Amino acid sequence: MTVATTKIYHWVDENGKSHYSDTAKLGTAEINVVNKNIIKSDNVQPAATPKNTAEVKKEPAIIYQADIISPEHDSPLRSNDGSINIQVKITPEKKVTQKLQLFLDGKTLGDPQMSSTIRVENIDRGTHQIQVKLLDESGKVLARTQVVTVHLQRVSSISTP
């Protein structure tokens, strides 16, 4: 017997408590159960498909904007340990799966980062170009910042007499 054809019986005992069973006893009443979770195969309808591929709507691509907001372009930075703090603004806000890759003087520096604040250390004194690229999960560039030039001033390791 399948669930759809099983008979259910109901009775109330001497204490007024309801009972249900699939076995008929003296004084039980049969309950008519309608299973509404059954779908008949003769009621299958084909899925609606677009007449041509031009009707298929695609999600609009998100266009990201990336800007270095600190340090400012052409600014002198004084840091005796050679550190530079870089703050990047991404609009709209980046997804948690996307990362930021720092480029110093046109070369990648370190691994891609999750944070929009990047600190680099032990950079040689002199003039440097900084750029940051927003990468998706596969490493594809979604946006890039402007190139910011900084002039790092650092105490010389050469001692004078």
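## What's the layout?

In what order do the elements of the protein run from the N terminus on? The answer is β-β-β-β-β-β-β-β-β-β-β-β. Put as a count, that comes to 12 strands and zero helices. Keep in mind as you look around that this is a predicted model.

A few totals help set the scene. The protein has 161 residues, and 25% of them are buried. It exposes about 12,400 Å², with carbon and sulfur atoms supplying 51% of that area. Now take the contacts between residues at least 6 apart in sequence: 55% of them join residues at least 24 apart.

## A three-stranded sheet

Start with an open sheet of three strands, ordered β2-β1-β3 and paired antiparallel. The edges are taken by β2 (18–21) and β3 (29–31); each has a single partner strand, so one side of each has no neighbour in the sheet. From one strand to the next, the twist averages 35°.

How is strand β1 joined to β3? Strand β1 covers residues 8–12, and three bridges connect it to β3, with the two running antiparallel. I8 is one residue to look for here, as its bridge partner in β3 is I31. Over on the β2 side, β1 pairs through four bridges, again in the antiparallel sense. There, Y9 has S21 of β2 as its bridge partner. β1 and β2 also make a hairpin, with five residues between them, and G16 in that turn has a positive phi of about 85°.

## Y20, out on strand β2

Y20 is a handy residue to click on in this sheet, and it sits in strand β2. Is Y20 buried or exposed? Its relative accessible area is 56%, so Y20 is exposed; the cut-off for that label is over 50%.

Exposed or not, Y20 has contacts. Leaving aside residues up to four places away in sequence, Y20 touches I8, Y9, H10, W11 and I31. I8 and Y9 are the β1 residues whose bridge partners are I31 and S21. You can also compare Y20 with E30: they are 10 residues apart in sequence, and their C-alpha atoms are 9.7 Å apart in space.

## The charged trio

Side chains of opposite charge can pair when their charged atoms come close. How many salt bridges does a search of the whole structure find? It finds two. D81, R119 and E121 are linked in a network of them.

In one, R119 pairs with D81, and the closest N and O atoms are 3.7 Å apart. R119 belongs to strand β9, while D81 is in the loop between β5 (75–78) and β6 (84–91), so this pair ties together parts that are 38 residues apart in sequence. In the other, the side chains of R119 and E121 meet at 3.0 Å, N to O.

How open to the outside are these three? R119 is partly exposed, with a relative accessible area of 45%, and D81 is partly exposed too, at 41%. E121, at 52% relative accessibility, counts as exposed.

## L109, in a loop

L109 is found in the loop between β8 (107–108) and β9 (117–120). With a relative accessibility of 32%, L109 counts as partly exposed.

What does L109 touch, if you skip residues up to four places away in sequence? The list is Q101, L102, L104, V120 and I123. Take V120 from that list: it is 11 residues from L109 along the chain, and the two C-alpha atoms are separated by 8.6 Å.

## Q131, tucked away

For a last stop, go to Q131 in strand β10 (residues 126–135). Q131 has a relative accessible area of 17%, so it is buried; that label applies under 20%.

Which backbone oxygen lies 2.8 Å from a polar atom of the side chain of Q131? It belongs to T145. T145 also turns up among the residues Q131 touches beyond four places in sequence, along with I68, Q101, L102, F103, R144, Q146 and V147. Q101 and L102 are names you've already met, since L109 touches them as well.

Methods
Residues numbered from 1 in each chain as written. Predicted model: local features only at pLDDT ≥ 70, side-chain atom pairs only at ≥ 80, totals over all residues. Heavy atoms only, no water. Buried < 20%, exposed > 50% of the residue type's maximum accessible area, 1.4 Å probe, protein only. Contact = heavy atoms within 4.5 Å. Salt bridge = Lys/Arg side-chain N within 4 Å of Asp/Glu carboxyl O. Areas by Shrake-Rupley, 256 points an atom, 1.4 Å probe, with all protein chains shown as cover. Pairing = 2+ DSSP bridges. Axes fitted to C-alpha atoms, helices over the stretch in contact; angles between N-to-C directions. Polar contact = N/O pair within 3.5 Å; in protein donor to acceptor, adjacent residues only side chain to side chain.
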